[in-house]
Amino acid sequence: MTPAQLAHTADLLAELLTFRQPADAVTSAFFRNRRKLGRQDRAEIAETAFAAIRHYQKISAVLRRPAAQARKAALAALVLGRGFNISRLDNLADDEEKTFLAALKARKTEFSNGLNTAAELPQWLIDTMRSDFSDQDILNFGRSTACPAPLDLRVNALKAKRDKILAELQTEGLPAEATPFSPWGIRLYDKSALGKHSRFLDGTLEVQDEGSQLVALLLGAKRGEIIVDFCAGAGGKTLAVGAMTANKGRIYAFDIAEKRLANLKPRMTRAGLTNIHPERIGSEHDPRLGRLKGKADRVLVDAPCSGLGTLRRNPDLKYRQSPETLAKLAEQQHSILNAAAELVKPQGRLVYATCSILPQENEGQIERFLREHPDFEALNCADLPGSPKISPDTGTYLKLDTAVHGTDGFFAAVLQRREAV
């Protein structure tokens, strides 16, 4: 890292460490305003800034108001998050800063004794998790999410077989391997510039975490069916489901955000999918949904959630969520799940999913739903034809743990509407 890169990192951290806005959005805006920065500059700056967020508990333990001392926070990130020796920082740190960094390293034992600093999780989240997780589980979760995620890709089954594409990437010298659970997945540990790769441009490859691929797989979509993606967003799971149906049938991609749906349209074209119909709705109670009441074979509810299963990619989320936001999300999830259930026909399938590891967003929602809807029953995810073979078995529901499975943290429940009496 150069002195100029460090100065830019400090400027970025002064904004990021307030946690007022999503870190990826702040970082994108920061680079848009500094167009002269080259690719290597941006990589160094972003990696160090996100390392500071990942190790914010340790940094805030030694720095009062890190956002106001952003240069020291950046130096701490180089040592704590990127493994720099202090001797490597001669061209960056002055004597006072080196003394600070030496004291920081000397507190290693102290950091390992506190669960918040050892797990790099804020106290509110530890307190929330303790009702359902042991301290060891919390520590394992925190440590697994304090590391950057690899790049997972999904091979578009409409265009190619995974083995063929995997062999191509390996021939090109890319360190690619098959994901262990998804039949479509390829994992890259070197985050090469994929945006200009021919297989990405022609729609053969899409960026999608393996856990997200498994949720799409659980929907069990078949050709010719009516399928609803109730909270489609930018459509990662919608595209995977579309490939499963081989363009036969009709897929409705609903979302309240026009911008997210607009991002789906060029991805559909690139993927060669013609049976997806994006449509903006005002809310889960939009009257236009009435035309599908009791008609859908499959409904996917990728519910708005805390996103705490994605901390490898979005480490700032643990500082932008709170018990209050969780309570609001829980009511929103309940309302959306109820509304989506109305679209499912008898013997149809409803899949509820989140990228959260918290039971109040997951099992708790399903238990409440089943109490209120005796016409639905939960199916065992492990027993479904074509379901991913996850080891160890996670029970009736799919529960993916970053520390155990190497994916983002995901939850999914598969529900089926009973035959009408």
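Start by selecting Thr-9, which sits in helix H1 (helices are DSSP runs of H or I with at least four residues, strands are E runs with at least two, and both are numbered from the N terminus). Setting aside neighbours within four places in sequence, Thr-9 is in contact with Met-1, Ile-45, Thr-48, Ala-49 and Ala-74 (contact means heavy atoms within 4.5 Å). Its relative accessibility is 0%, so Thr-9 counts as buried (buried is under 20% relative accessible area, exposed is over 50%, partly exposed is in between, with a 1.4 Å probe and protein chains only).

A word on what you have open: this is a predicted model, where local features need pLDDT of at least 70, side-chain atom pairs count only at pLDDT 80 or more, and totals for chains, interfaces and linings use all residues. Residues are numbered from 1 along each chain as its sequence is written, and side-chain values use heavy atoms, with hydrogens and water left out.

**Helices H1 and H5**

Now show H1 (residues 3-16) together with H5 (residues 70-80): their axes come within 8 Å and cross at roughly 110°. Axes here are lines fitted to C-alpha atoms, for helices over the stretch in contact, and angles run from 0 to 180 degrees between N-to-C directions. H1 and H5 are therefore roughly perpendicular to each other (angles of 65 to 115 degrees get that label, under 35 is roughly parallel, over 145 roughly antiparallel, and the rest oblique). The crossing is right-handed (clockwise: the near helix is turned that way from the far one by less than a right angle, while anticlockwise would be left-handed). To see the contact, pick Leu-6, Thr-9, Ala-10, Leu-13 and Ala-14 on H1, then Ala-70, Arg-71, Ala-73, Ala-74 and Leu-75 on H5.

**Along to Phe-19, H2 and H3**

Select Phe-19 next, in the loop between H1 and H2. Check its backbone: phi is near 55°, a positive value in a residue other than glycine. Phe-19 is at 12% relative accessibility, so it counts as buried.

Then bring up H2 (residues 23-32) and H3 (residues 39-54), which pack at an angle of about 150° with their axes 12 Å apart. That makes H2 and H3 roughly antiparallel to each other, and H2 passes H3 in a right-handed crossing. Colour Ala-23, Asp-24, Thr-27 and Phe-31 in H2, which meet Arg-42, Ile-45, Ala-46, Phe-50 and Ile-53 in H3.

Keep H3 on screen and add H10 (residues 135-145), where Ile-138, Leu-139, Phe-141, Gly-142, Ser-144 and Thr-145 are buried. The cover over those residues includes H3, helix H8 (115-119), helix H9 (123-129) and helix H19 (402-405).

**The loops around Lys-248**

Jump to Asn-247, in the loop between helix H14 (236-245) and strand S6 (250-255). Asn-247 has a positive phi of about 65° although it is not a glycine, and at 22% relative accessibility it counts as partly exposed.

From there, go to Asn-275, in the loop between helix H15 (258-271) and strand S7 (276-280). Asn-275 is buried, with a relative accessible area of 3%. Which residues does Asn-275 contact, leaving aside neighbours within four places in sequence? Light up Thr-245, Asn-247, Lys-248, Gly-249, Arg-250 and Ile-251. The side chains of Asn-275 and Thr-245 make a polar contact at 3.0 Å (a pair of N or O atoms within 3.5 Å; within protein, one must be able to donate a hydrogen and the other to accept it, and residues adjacent in sequence count only if both atoms are side-chain atoms). Try a C-alpha to C-alpha distance too: Asn-275 and Lys-248 are 27 residues apart in sequence and 6.8 Å apart in space.

Glu-225 also touches Lys-248, along with Gly-220, Gly-249, Arg-250, Asp-297 and Arg-298, not counting residues up to four places away in sequence. Find Glu-225 in the loop between helix H13 (210-218) and strand S5 (226-229). Its side chain makes a polar contact with the side chain of Arg-298 at 2.9 Å, and Glu-225 counts as buried at 12% relative accessibility.

**Asp-286**

Move on to Asp-286, in the loop between S7 and strand S8 (296-302). Asp-286 is buried, with a relative accessible area of 10%. Follow its side chain two ways: to the backbone nitrogen of Gly-282 at 2.8 Å, and to the side chain of Arg-288 in a polar contact of 2.7 Å.

**Last stop: H18**

Finish on helix H18 (residues 363-372), whose buried residues are Glu-363, Gln-365, Ile-366 and Phe-369. Look down the axis of H18 and they fall within an arc of 160°, so they line one face of the helix (the arc is that of the directions from the helix axis to the C-beta atoms). Those buried residues pack against helix H17 (323-341) and strands S9 (344-354), S10 (376-379), S11 (398-400) and S12 (410-417).
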